[in-house]
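I am opening a fresh notebook page for this one. Come and look over my shoulder.

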Amino acid sequence: MPILRQYLLAVVLGAGFAAGAWAQAAPADKDPLRAVLQESKDKNRGVTVHVKGAAINLIVVQVDDTWLVGKSNASGRIVVRVDRIDAAVASF
């Protein structure tokens with residue numbers, strides 16, 4: 001019986017450590033949309049943002065919890081609410 005207890009203890013501890021590692025996943029794993037937007041900002045490269053059927057090409061200047069601020073040659077400054085973004089396609 002002690003071997004079974006040791007085995008169960010090892011399984012429970014292993015599952016606990018795995019759950020802890022999963023909870024501490026990188027922010028990119030938790031929110032891939034923000035990861036793409038942040039990468040566009042860091043690399044100063046273009047991204048296409050899809051909002052309610054419209055495709056907007058821009059370079060991210062700033063992104064926070066509520067707003068995405070971008071720039072483009074055609075429109076200058078572009079401001080989009082982050083919660084309205086349906087998809088983002090990286091061009092890099």
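My entries below go from confidence to sheet, helix, core and salt bridges.

**Confidence.** I started by reminding myself that this is a predicted model. The average pLDDT of the protein is 81, and 68% of the residues reach at least 70. I then looked up the weak stretch: residues 17–26 stay under 50 in pLDDT, and the model gives them 2 contacts beyond four places in sequence. Where pLDDT is low, the predicted coordinates should not be read in detail. I moved on to other parts.

**Sheet.** In what order do the strands of the sheet lie? I traced an open sheet of 5 strands in the order 4-3-2-1-5, with antiparallel pairing. Strand 4 (76–81) and strand 5 (87–90) are at the edges with a single partner strand each, so one side of each has no neighbour in the sheet. From one strand to the next, the twist averages 45 degrees. I followed one pair further: strand 3 (residues 67–72) and strand 4 are joined by 6 bridges in the antiparallel sense. Within that pair, I found Trp67 with Arg81 of strand 4 as its bridge partner.

**Helix.** Next I checked what helix 3 (residues 32–43) lies across, and I noted strand 1 (46–51), strand 2 (54–63), strand 3 and strand 5. Helix 3 runs at about 70 degrees to strand 2.

**Core.** Which elements give two or more residues to the largest nonpolar core? That core has 12 residues in all, including Leu37, Val49, Leu58, Leu68 and Val80. The elements I was after are strand 1, strand 2 and strand 4. I picked Val80 for a closer look: leaving out residues up to four places away in sequence, Val80 touches Val51, Ile56, Thr66, Trp67, Leu68 and Ile85.

**Salt bridges.** How many salt bridges does a search of the whole structure find? I got 3, and I went through them in turn.

- Asp31 pairs with Arg34, with the closest N and O atoms 3.0 Å apart. Asp31 is partly exposed at 28% relative accessible area, and Arg34 is partly exposed at 27%.
- Lys43 pairs with Glu39 at 2.9 Å between the closest N and O atoms. Both lie in helix 3, 4 residues apart, which is about one turn of the helix. I noted Lys43 as partly exposed at 47% and Glu39 as partly exposed at 31%.
- Arg81, which I had met as the bridge partner of Trp67, forms a salt bridge with Asp83, the closest N and O atoms being 2.9 Å apart. Arg81 is partly exposed at 33%, whereas Asp83 is exposed at 55%.

Notes
Residues are numbered from 1 along each chain as its sequence is written. This is a predicted model: local features need pLDDT of at least 70, side-chain atom pairs count only at pLDDT 80 or more; totals for chains, interfaces and linings use all residues. Side-chain values use heavy atoms; hydrogens and water are left out. pLDDT is the predictor's confidence in each residue, from 0 to 100. Contact means heavy atoms within 4.5 Å. Two strands pair if DSSP finds at least two bridges between them. Axes are lines fitted to C-alpha atoms, for helices over the stretch in contact, and angles run from 0 to 180 degrees between N-to-C directions. A nonpolar core is a set of buried Ala, Val, Leu, Ile, Met, Phe, Trp, Tyr and Cys residues joined through side-chain atoms within 4.5 Å. Buried means under 20% relative accessible area, exposed over 50%, partly exposed in between (1.4 Å probe, protein chains only). A salt bridge is a side-chain nitrogen of Lys or Arg within 4 Å of a carboxyl oxygen of Asp or Glu.
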